[in-house]
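Me: I would like a close look at the charged side-chain contacts in this model, and at the aromatic rings that belong to the same account. Please take the contacts one after another and say where each partner sits.

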Amino acid sequence: LPKYKYQHISPSNNFLEDSQPKRTRTLHDTFRCIMALRGLDGWHEVHKNRFTHERWEELHHAMHNEADVLLYLNPFIDAALAQAIQAEYSLVESSVPGSYSFEMPEDNPSFQCRLEEHPQDDAFFVEVLEEDHGIQDPYVTGDDRIEDIEAMEKESRLSPFALLEGGTLLIARALGVEHGDNVLDVCGGPGSKALLLAGDLFGRSINSQRSTAGRLVVNEVSKQNASALQRVLHRYLPWSFFEAGHIILTSADIRTPSNSVERHGPYDRILLEAPSTNDRALLRGHPVEADRWSKGKLKVNHEQQVKMLHNALWMLKEGGILLYTVAALAQEECDDVIEAVVRKALGNFELEVLPAGEDILRMIPGIGAEQSHWGTYLLPDRTGFTPRYFARLRIRRRTHEGAQLKSET
């Protein structure tokens, strides 16, 4: 058995401290060590050891602060309405394309709206309350006719904007969606990323008068979250996208084979925001989750994340890009997942880990991103964003049995 420095819980601060010289670990010692790395105190200790005491103090303090929220202007609303919002909310372009810093109007706004908050995603979705702005959606003007009157009414009252956390906006942009791509959002709830991906995929078609091309498959395995996701997307996106099959909603578990998500592939771009420890939410008021935290739970999360990411790779085209992201700080849920998948993929795929290029780095405010061995961290004490990790993988070549035959067909 390995040797380690014996440690005990200090009654004053419950942090691990050195107390005795090195000796061989016993089962009793192992149990004490495991128990010490549980709950909020164990969470503090693990991250303090990783980031150093001084950096952890700064990061811990920053996670208590409100995250930077930007206004995302719906690219599918009428240009006149977009200009009115820009003036009324004093919009100023941010470093992330398509998003703005803003000021909420104090008196007599030109239209009434309700904000629906999703705290864990730091998102506020707008629900328009007025029956008619006097402005129509571009999809129901001119010679375009929709026979379904109910669908026409939906398209003429699209929600004009959403207030989204800056890191969410950046992650969606970092995927690099292009016109005509087949795109998958694996864990789509509550809808922030899907809105952004739809804007990148179809927004240019509206502005350039090109025909709509490509497809966005938005998956959410939780039935409750899937229902909320559907409401958000229908509120923001033209109904014609759904009718024409450009946007498809699914509710499948990516960990299982032959699911509905796989049948719509293969994909040019895949975004996987895997379920993970949400360290900021844990710190800011989820005492039950904080008490349940443990190193063992990190291992369980790691195993599930590896399985999801590896399965997602099989749905990616050669040359396609997959972006993996989590709201966690622990290396077990970040770099260790990428390393495990790269090793697991040997013999099936020739993978390329893509660094964050200049096009991504210039979108990050403050001191900026922090590169790790496999990916990139966005941390609140350096960027103002909520804690986030992301890494991008490209399949250069499939090497598994039958890959050549599949590419030829």
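Reply: What follows goes through the salt bridges and then turns to the aromatic pairs.

The model is a predicted one, and the salt bridges in it come to 15. One of them joins the side chains of Arg55 and Asp381, with 2.6 Å from N to O. Arg55 belongs to helix 3, which covers residues 53-64, while Asp381 is found in helix 16, residues 380-383, so that this bridge links distant parts of the chain that are 326 residues apart. Arg55 has a relative accessibility of 11% and therefore counts as buried, since the limit for that label is under 20%. The contact also has neighbours, for Arg55 and Asp381 are linked with Glu370 and Arg382 in a network of salt bridges.

A second bridge is formed by Glu273 and Arg388, whose closest N and O atoms are 3.0 Å apart. Because Glu273 is part of strand 14 (residues 267-273) and Arg388 is part of strand 19 (residues 388-398), the pair ties together parts that are 115 residues apart in sequence. Here both partners, Glu273 as well as Arg388, are buried.

Strand 19 also takes part in a further contact, in which the side chains of Glu350 and Arg397 meet in a salt bridge with an N to O distance of 3.3 Å. Glu350 lies in strand 16, which spans residues 349-354, and Arg397 lies in strand 19, so that the two linked parts of the chain are 47 residues apart. The relative accessibility of Glu350 is 29%, and this residue therefore counts as partly exposed; Arg397, at 44%, counts as partly exposed too, because that label covers the range between the 20% limit for buried and the 50% limit for exposed.

Turning to the rings, the structure contains 9 aromatic pairs. In one of them, the ring centres of Trp43 and Trp56 are 5.2 Å apart and the planes stand at 75 degrees, which means that the pair is edge-to-face, as planes over 60 degrees apart are given that name. Trp43 sits in helix 2 (residues 39-51) and Trp56 in helix 3, so this pair ties together parts that are 13 residues apart in sequence. Both of these residues, Trp43 and Trp56, are buried, and ring pairs link the two with Phe51 into a cluster.

Helix 3 thus appears in both halves of this account, with Arg55 as its partner in the salt bridge to Asp381 and with Trp56 as its partner in the ring pair with Trp43.

Definitions and conventions. Residues numbered from 1 in each chain as written. Predicted model: local features only at pLDDT ≥ 70, side-chain atom pairs only at ≥ 80, totals over all residues. Heavy atoms only, no water. Salt bridge = Lys/Arg side-chain N within 4 Å of Asp/Glu carboxyl O. Helix = DSSP H or I, 4+ residues; strand = E, 2+ residues; numbered from the N terminus. Buried < 20%, exposed > 50% of the residue type's maximum accessible area, 1.4 Å probe, protein only. Phe/Tyr/Trp six-rings, centres within 6.5 Å; stacked < 30°, edge-to-face > 60°.
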